[in-house]
Amino acid sequence: MLAHMQKVANKSRRRDFYAVASWIVFGMVCGLCTSHLIMTGLPQFTSSDEHMAPRSVTAVLEYRRNHDAKYNNLNVQQQQEPPTRLRSASQTKKQPPQPNNKLDDRLLSFNNTTNMTAALEEQLLKHPGQRTYTQECRSSFLFNNTWGKLKAQWADKDHVKRLIHDLNIPHLKIPKTLALFNKTVMENLTVQDLQLQIESLNATDYIIKPTHTSGAVAKVLDGSHYSCFKKCKEPADEMILPEALPTVLENMKYSMEHFFSNPRYEAFQKGRQTQYQYIPRQIIMEEHLNMDTLREWHWWVIDGHPLWVCRRCGLNGTYYSSRFQPLQLSLGHYPACGDPPAQPKTWSKMMEIVSRLSKHVTGIMRLDLYADDESVYFSEITFTTSSCDQELNPTRADALVYAVAHGTVSHELATPEFVERVVNDGVVELPQLATAGKEDQVAKTE
C-alpha cells in the first residue's frame, strides 16, 4: 500500500515538473516573438518619448494602430494650419497637388481628348462611384471637422466680405452690410427693437439672411414689402411692414437655431457640412441688388483654375466653359435655362476676379458672382453645393473635377477647349453631323 502511494506521488511530481517546464518554454518563446516584433515592426520607445512605453504586446499593437491612423489618414488639407488672417499670394504659394488615388497613370500624359474620355469612363466602370468629386465630397468633406475649420472663414457670409475687401480686387463690388445681429442680440430682440433697427437702416431695399448656414433668406422692397423666399419657417408670398414684423422676427430667430451642425435641422441628416459649424451664428442685413439687370454666375474653380461656370436662373442652370462655349452639363435633375444669354461685357472682368480671388482659397470651390454689362458683385463662396446631394451629369464631368483636383489632369491640360471636348464628347446637336465620323465631330466642335 505504501509503495503504491509513493508511486502515485512520484507521477504527480513529474506532471508538475513537466507543466512548469512547459510554461517556462512557452514564456521564453513569447518573449522572443515580442522582442522580434518590437525590433522589426513596431515603434521604438526611448526615455525621450512623450508617451510612456506600452507594457504589453496588446498595448504596443494598439499604440501602433492609433499612430498609423493619426498620421496615415491625414490628407494635405488636414495638415495645413488654419489661416488666422489673410495672407498674400507669395505667402500662400503651395506645391502643385500630387496625384492621390489617381485614375490611371496614363492620364498624366494624355493630350488626346478621345482617349481621355475613354479612360475616365473605363476607370468609372472599374471603380464605380469612387473616382468622382461628388463621391469624394460625400465621404471626405461633409463630416470632416478638420477640413471644415479650414473653409469656415470663407463660408462665413459676413467675414468673407471683409477678407475680399482686404484683397482690393479691381472691378469687384461688395454688397454693403447694413446691420448685423449676433446670438446675444437675437435672444433679446423684440418686435419694437427690430422696428427701430429697420427705421435706422436708411435703406428701402435690403436682404435678411443668416451668415452661418444656407437658406432662410428674405427681402424687403420699397421699405415695406416683405417676402421670405428660401427655407423659411413662415413662408409668405408678400407681407406688408410693420404688420409683418412679428413674422420677420420669427423667421430671423428660426434661422439662428437651424444650422447644419444642429441634429434638429433637416439638412443634418443629408450632410453636416462642417464648415458652417465653426461660423458664429449671426443675421445680416445687406443692400439688395437690382436683379432686373444682374445675372447670377456660379464659377467652379480648382486651386485657382476656373473649370466652368453656371449661369443660374432660379434652381436651373446652363453651363459654359471659361471661354463662354456651352457645355452639355447639368447638376442633378435640374434642367438648363431657357434662351441662352449673350456674353456679358464684363466677362473678362469676371475672369480676372475669379483668377485673383481663387488663388487665396485651396481646393474645389464655387465662387458666386452677380454681373451685368457694367458691374460685377460678389455673392458668396460655396464648398459643398447642395450638400453634395446632386451629381454632375455626365459622370465623366464629375470624374474630371476629381482628376483636376488631385493633379491627375494638370491645369495646363484642362484648357477650355479640353473641357468642352471631354464634357460634350458624343453630343451632336446639328442634324448634318449625325453621321459624321468622330474625328469630324471633334473638329467641328472646336
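The following dialogue examines the cavities and a group of strands in a predicted model.

Trainee: What does the chain contain in terms of helices and strands?

Mentor: The chain has 15 helices and 15 strands. Buried residues make up 43% of its 446 residues.

Trainee: What makes a residue count as buried?

Mentor: A residue counts as buried because its relative accessible area is under 20%. In this chain, 43% of the 446 residues meet that condition.

Trainee: Why are the enclosed spaces of this structure called cavities rather than pockets?

Mentor: They are called cavities because a 1.4 Å probe fits there but cannot get out, whereas a pocket is an open set. The structure holds 3 cavities of 30 Å³ or more. The largest has a volume of about 60 Å³, and the second largest has about 50 Å³.

Trainee: How do you know that I208 belongs to the lining of the largest cavity?

Mentor: Lining residues have an atom within 4 Å of a cavity point. I208 is listed in the lining of the largest cavity, together with K209, A216, A218, Y226, C228, V248, N251, M252, S255 and I283, so I208 satisfies that cut-off.

Trainee: Which elements supply at least two residues each to this lining?

Mentor: Strand 3 (206–210), strand 5 (225–230) and helix 10 (245–257) each do so. The largest share, 4 residues, comes from helix 10.

Trainee: What makes the lining of the largest cavity divide as it does into nonpolar, polar and charged residues?

Mentor: The division is 8 nonpolar, 2 polar and 1 charged. Tyr and Cys count as nonpolar and Lys as charged, so Y226 and C228 fall in the nonpolar group and K209 in the charged group.

Trainee: How does the lining of the second largest cavity divide?

Mentor: Its residues are Y133, T134, W300, L331, T385, C388, Q390 and L392. They comprise 5 nonpolar, 3 polar and no charged residues.

Trainee: Why are strand 3 and strand 4 said to pair?

Mentor: Two strands pair if at least two bridges are found between them. Strand 3 and strand 4 (residues 217–221) have 3 bridges, in the antiparallel sense, and therefore qualify. I207 has K219 in strand 4 as its bridge partner. The hairpin of these strands has 6 residues between them, and G215 in the turn has a positive phi of about 105°.

Trainee: How do you know that strand 4 and strand 5 also pair?

Mentor: Their antiparallel pairing runs over 5 bridges, so the requirement of at least two is met. V217 stands opposite K230 in strand 5. This hairpin has 3 residues between the strands, and D222 takes a positive phi near 60°.

Notes:
Residues are numbered from 1 along each chain as its sequence is written. This is a predicted model: local features need pLDDT of at least 70, side-chain atom pairs count only at pLDDT 80 or more; totals for chains, interfaces and linings use all residues. Side-chain values use heavy atoms; hydrogens and water are left out. On a 1 Å grid over the protein atoms alone, a cavity is a set of points where a 1.4 Å probe fits but cannot get out, and a pocket is an open set with protein on both sides within 12 Å along at least five of seven lines; lining residues have an atom within 4 Å of a point. Grid points are joined across faces, edges and corners, and a volume is the space filled by probe spheres set on the points. Buried means under 20% relative accessible area, exposed over 50%, partly exposed in between (1.4 Å probe, protein chains only).
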